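Subject: The structure, and what turned up in it

Hi there,

Here is the structure I promised to pass on. Have a look at it first, and then read on for my notes.

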Amino acid sequence: MLNVLKTLALLFFEFFKTGLFAVGGGLATVPFIRDMGAAYGWITEAELANIIAIAESTPGPIGVNAATYVGYTVGGIPGAILATVGLVTPSVIIIVLIAKAIKKYADSYLVKSLFTSLRPAAIGLITAAGFSLLLTALGVKADFLRFTFSADWMTLLKLGIYAVFTFFAFWKKTSKIHPLFFILTGGAIGAILSL
């Protein structure tokens with residue numbers, strides 16, 4: 001029982017830290033979740049890629065969906081609740097504390113400079129998340145400038161399909177097709193290829 005309580009407290013604390021420092025939206029939480037997986041063995045790289053796919057496909061913020069998924073995997077329903085609450089609590093606290101100050105000092109040079117300086121950090125976190133997901137999808141294991149490639153033919157086929165989907169999603173003639181079509185078709189193809 002004590003180990004379960006420690007795990008639940010650790011889930012809350014880790015996702016609280018993630019919510020506090022992941023500036024830039026849901027994808028900015030990915031490096032933090034990867035570090036949790038490496039430190040505690042909660043998830044693998046492949047599971048992280050699946051978490052992102054599921055979080056992107058389901059309604060709601062990506063970070064919250066990912067926190068709920070990891071929390072449920074580690075601690076069941078209490079874990080899902082604590083991980084989600086842990087992730088959103090810093091944002092709620094910060095918003096409550098600075099809501100009035102932001103209105104009062106919105107035109108302040110210092111406030112504008114602060115928000116301008118946060119943009120590169122957000123871009124860096126999101127870029128790192130995207131790059132690491134790409135490496136995972138390619139089957140590349142990265143360990144600080146050492147890369148090993150281990151993709152099989154099925155992974156390469158899936159990447160080819162992804163490239164075709166990306167092309168059609170941004171092609172002018174198909175850009176009016178609802179994104180749900182691409183999500184459902186991609187999910188169906190993924191399910192068929194996983195058989």
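Which helix gives the most to the nonpolar patch? That is α4, with four residues. Before going further, please keep in mind that this is a predicted model.

**The surface patch**

The patch is made of L20, F21, I93, I94, L97 and I98, and together these residues have about 540 Å² of accessible area. Besides α4, helix α1 also supplies at least two residues to the patch. To pick one member, I98 is found in α4. I98 counts as partly exposed because its relative accessibility is 37%, and the partly exposed range runs from 20% to 50%.

**The core**

Turning inward, the largest nonpolar core has 18 residues. The members that touch the most others are L11, F15, I33, I43, L48 and V70. Five helices each give two or more residues to this core: α1 (2–21), α2 (30–40), α3 (45–57), α4 (62–105) and α5 (109–138). The largest share, five residues, comes from α4.

I33 is a good place to start if you want to click through the core. Leaving aside residues up to four places away in sequence, I33 touches F15, I43, L48, A66 and V70. I33 is also one of the buried residues of α2, along with V30, P31, R34, M36 and G37. Just after α2 comes G41, which takes a positive phi of about 70 degrees.

**T18 in α1**

T18 sits in helix α1. Its relative accessibility is 1%, so T18 counts as buried. What does the T18 side chain have beside it? One of its polar atoms lies 2.9 Å from the backbone oxygen of E14. Further along the sequence, T18 touches T29, F32, M36 and L87, with residues up to four places away not counted.

**The salt bridges**

How many salt bridges does a search of the whole structure find? The search finds two.

One joins the side chains of K17 and E14, at 3.4 Å from N to O. Both residues belong to α1, and being three residues apart there, K17 and E14 are separated by about one helical turn. An α-helix has 3.6 residues a turn, so residues three or four places apart point the same way. Are the two partners buried or exposed? K17 counts as partly exposed, at 31% relative accessibility, whereas E14 is buried, with a relative accessible area of 8%. E14 is thus worth a second look: its side chain meets K17 in the salt bridge, and its backbone oxygen lies 2.9 Å from a polar side-chain atom of T18.

The other salt bridge is between the side chains of R34 and E45, at 2.9 Å from N to O. R34 lies in α2 and E45 in α3, so this pair ties together parts that are eleven residues apart in sequence. R34 counts as buried, at 16% relative accessibility, while E45 is partly exposed, with a relative accessible area of 35%. R34 therefore counts as buried because 16% falls under the 20% limit.

If you open the model on your side, you could begin with I33 and its contacts F15, I43, L48, A66 and V70, then move out to the patch that includes L20, F21 and I98.

Best wishes, and happy browsing!

Terms used:
Residues numbered from 1 in each chain as written. Predicted model: local features only at pLDDT ≥ 70, side-chain atom pairs only at ≥ 80, totals over all residues. Heavy atoms only, no water. Core = buried A, V, L, I, M, F, W, Y, C linked by side-chain atoms within 4.5 Å. Buried < 20%, exposed > 50% of the residue type's maximum accessible area, 1.4 Å probe, protein only. Contact = heavy atoms within 4.5 Å. Patch = residues over 30% accessible without salt bridge, like charges linked within 9 Å, V, L, I, M, F, W, Y side chains within 5 Å. Areas by Shrake-Rupley, 256 points an atom, 1.4 Å probe, with all protein chains shown as cover. Salt bridge = Lys/Arg side-chain N within 4 Å of Asp/Glu carboxyl O. Polar contact = N/O pair within 3.5 Å; in protein donor to acceptor, adjacent residues only side chain to side chain.
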